[in-house]
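Please open the structure in a viewer and keep the sequence panel visible. The tour proceeds by selections, each followed by a description of what is found there.

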Amino acid sequence: MNTSPTNELTESALAVPHDQTPEASSRKRFAALLLGCIGIVYGDIGTSPLYAFRTAAQHVAADGMFNHEILGILSLIIWALTLIVTIKYVIFLLHLDNRGEGGILSLMALTQRALRQRRTGIVFFAGVVGAALFFGDAAITPAISVLSAMEGIELITPALNKFILPAAIAILICLFVVQKHGTAGISKMFGPIMALWFAVLAGAGIYWICKNPAVLHAFNPVYAVTFLTSHGFLSFVVVGSIFLAITGAEALYSDLGHFGRKPIQIVWLYAVFPCLTLNYLGQGALLMTLPATLDNPFFLLFPSWALIPIVSLATLATVIASQAVITGAFSMASQAIQLGLLPRMEIRHTSEHQEGQIYMPRINSLLLYSVLFLCLVFGSSAKLAAAYGIAVTGTMISASIIAMVYIARVKKKGYAIAAIIMGPVMFCEIMFMSSNLLKLVDGGFVPLVFGLYFTLLMLTWVKGTKYLVEKARLQSISTVDLTDMIERDPPKIVEGTAIFLTSDPDNAPETMMQNLKHNQVLHDKNIILTIMIDQIPRVPIENRVEVEQLCGRLTRIIIHFGFMETPNVPAALYRARALGYDIDVENASFFLGHRKIVPDARHGLPAWQDDIYVSLNKIAVDATDFFRIPANQVVEIGTRQLI
């Protein structure tokens, strides 16, 4: 799963010689985007053949496996890929873009903006839950992917079995450690490696299909329906494992802004979907021919002499898939911060050329510890498969709910039409979710715990921040009254420019009132500065700054950023100066409030949420760093606030 600007590929791959014609340059850029899609967008779903078919088939094999059962499982996989991935994501959701950006938070922001509502209702809750469940999936995906690849070495020689878990852990630790250095260099190989991976998937599948072409009957959906109706409760259990074949599908939508609709669609329809289908059919043909290969039908597709290179290639593919998920977590967290769902956290940029390539130390550490915990507790991909799926189905259902509201209310089609469009997909997703819930006691509770944890954090942060903002508004005076007070009874004036940051542009900043109260001075020029995060990915430069002169010494400036942008206050103020406003950015003093949040059960949130909010507030990075304000120009005024 990926929601991030992970395509460092585009940084180098899209660079073209200046002497090329525009047509040739355009073709090369488009080819680079196609290659980038293979490496980034489809890394997760591309490694599903390592474990998806095996896990589903093993449920049925207890009393022996018949060919019609293998065909039923294959048919379910093929039609799940068709309905959920192709129809829902590739054909439909890719057209619901927020000014070119995709992903569940982007869709949430798009729908809320169109409905002119913020942080209320089913859309907001579905977006929060979907984003929270994503973090649970982001911890499981690297663990199950790398473990499943490393398990191929036991086929080389059983003596290596004891090294599978240590080797997987070592690879994962190295993967997370290198994140702080950026991955732009090695990412140039992501596309070619994954292109080779998909070619190998297809080639191995074709070989065994030719040996047993009867497996092609799996395209007939009758086999899927027959399997579901003839196996009773067992078919319901198998459905949960079938879902493993489509995990990673949400990356199609999340990476819309980085590659564009057409490259994502072309790569899926003409490369990835056929290669995956051929490989699953090949595994089915192998199992129909040699039932004893059930333990690991993927690696047994290949002759023994090819196992070492295939295990090596599979390891590289799973590392790439894990990389996409990790950087997706960074991007998801960054968007959540900008939309006010999480406190400000440190964001480091790992590329001088692309703004979107980021590294978040806290998220990286949290994921690393979570992944290592999962590896040590579960120990194998087969056991970890029990914990996989619930988070992804939750995210998919959340996206479907928001899409239904968008169709019904934004497009004004009504809920009846929305239900007709989204109903069949949601029915399948709910069935997948219900089946996966059977895994709760076997490890399925893990992603739910992750999801509940992040949902609680986000809802608490939103609720606590809203309470403090409303409380501050009630205790403050309006800018109109402030202007009248300054003009009627001006305090002592000192030279220079003072910039007071506040979240409410209509009321006097608390830092300004504290400065007037204790220092009894007013600067010659004073700016009330508010930073607004709009519910669009990026704000056009011409709409970046709003300036209003309140009186001779007081100016109100509102700076707008999109939720995909990193706020840079000095750069935006230079923009205002370029528009003709006299702002001495280099010598101005920035007045920031430093609030100490004190829990108080008599006010605001319940006591247990007070403690959570205070803890979140403590990890928030300083506004000086987050908004890129020069530290030597900052004046902090401390206050205590009860919550």
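Is Lys412 buried or exposed? Select Lys412 to begin: with a relative accessible area of 70%, Lys412 is exposed. The model in view is a predicted one.

**First stop: two loop residues**

Remain at Lys412, which sits in the loop between α19 (390-410) and α20 (414-437). Its phi is positive, about 60 degrees, although Lys412 is not a glycine.

Next, select Arg99, in the loop that lies between α5 (67-92) and α6 (104-115). Arg99 is likewise a residue other than glycine with a positive phi, in this case near 55 degrees. The relative accessible area of Arg99 is 54%, and therefore Arg99 counts as exposed.

**Second stop: the whole chain**

Now select the entire protein chain. Its secondary structure consists of 26 helices and 8 strands. Along the principal axes, the C-alpha atoms fill a box of roughly 95 × 65 × 55 Å. The radius of gyration is 27 Å, which agrees with the value near 26 Å expected of a compact globule with 643 residues.

Of the 643 residues, 57% are buried. Consider also the contacts between residues at least 6 apart in sequence: 82% of these join residues at least 24 apart.

Display the surface of the chain. About 25900 Å² is exposed, and carbon and sulfur atoms supply 62% of that area. Colouring by charge picks out 45 positive and 44 negative side chains. The centres of these two sets lie 2 Å apart.

**Third stop: helix α4**

Select residues 52-60, which form helix α4. Why is this helix described as largely enclosed by the rest of the structure? The reason is that 7 of its 9 residues are buried. The buried residues are Ala52, Phe53, Arg54, Thr55, Ala56, Ala57 and Val60.

To see what covers these buried residues, add the surrounding helices to the selection. Included in the cover are α5, α11 (221-230), α12 (232-242), α15 (261-289) and α18 (381-384).

**Fourth stop: Leu74 in helix α5**

Move to Leu74, which belongs to helix α5. Its relative accessibility is 1%, so Leu74 counts as buried. Which residues are in contact with Leu74, leaving aside its neighbours within four places in sequence? They are Phe53, Val215, Ala218, Tyr280, Leu281 and Gly284. Phe53 has already appeared on this tour, as one of the buried residues of α4.

For a distance across the model, select Leu74 together with Ile153. These two residues are 79 apart in sequence, and their C-alpha atoms are 26 Å apart in space.

**Last stop: the cysteines**

Finally, turn to the cysteine residues. How many disulfides does the structure hold? The number is 0. Select Cys37 as an example: Cys37 is in no disulfide, and the nearest cysteine sulfur, that of Cys275, is 14 Å away. Cys37 has a relative accessible area of 0% and is buried.

Then select Cys375, together with Cys174, whose sulfur is the closest cysteine sulfur to that of Cys375. The separation is 13 Å, which is too far for a bond. Cys375 also counts as buried, because its relative accessibility is 0%.

Key: Residues are numbered from 1 along each chain as its sequence is written. This is a predicted model: local features need pLDDT of at least 70, side-chain atom pairs count only at pLDDT 80 or more; totals for chains, interfaces and linings use all residues. Side-chain values use heavy atoms; hydrogens and water are left out. Helices (H or I, at least four residues) and strands (E, at least two) are DSSP runs, numbered from the N terminus. The radius of gyration is taken over C-alpha atoms; the globule rule is 2.2 Å times the number of residues to the power 0.38. Buried means under 20% relative accessible area, exposed over 50%, partly exposed in between (1.4 Å probe, protein chains only). Contact means heavy atoms within 4.5 Å. Accessible areas come from the Shrake-Rupley method with a 1.4 Å probe; for residues, only the protein chains shown count as cover. Lys and Arg count as positive and Asp and Glu as negative; His and the chain ends are not counted. The place of a charge is taken as NZ of Lys, CZ of Arg, CG of Asp or CD of Glu. A disulfide is a pair of cysteine sulfur atoms within 2.5 Å.
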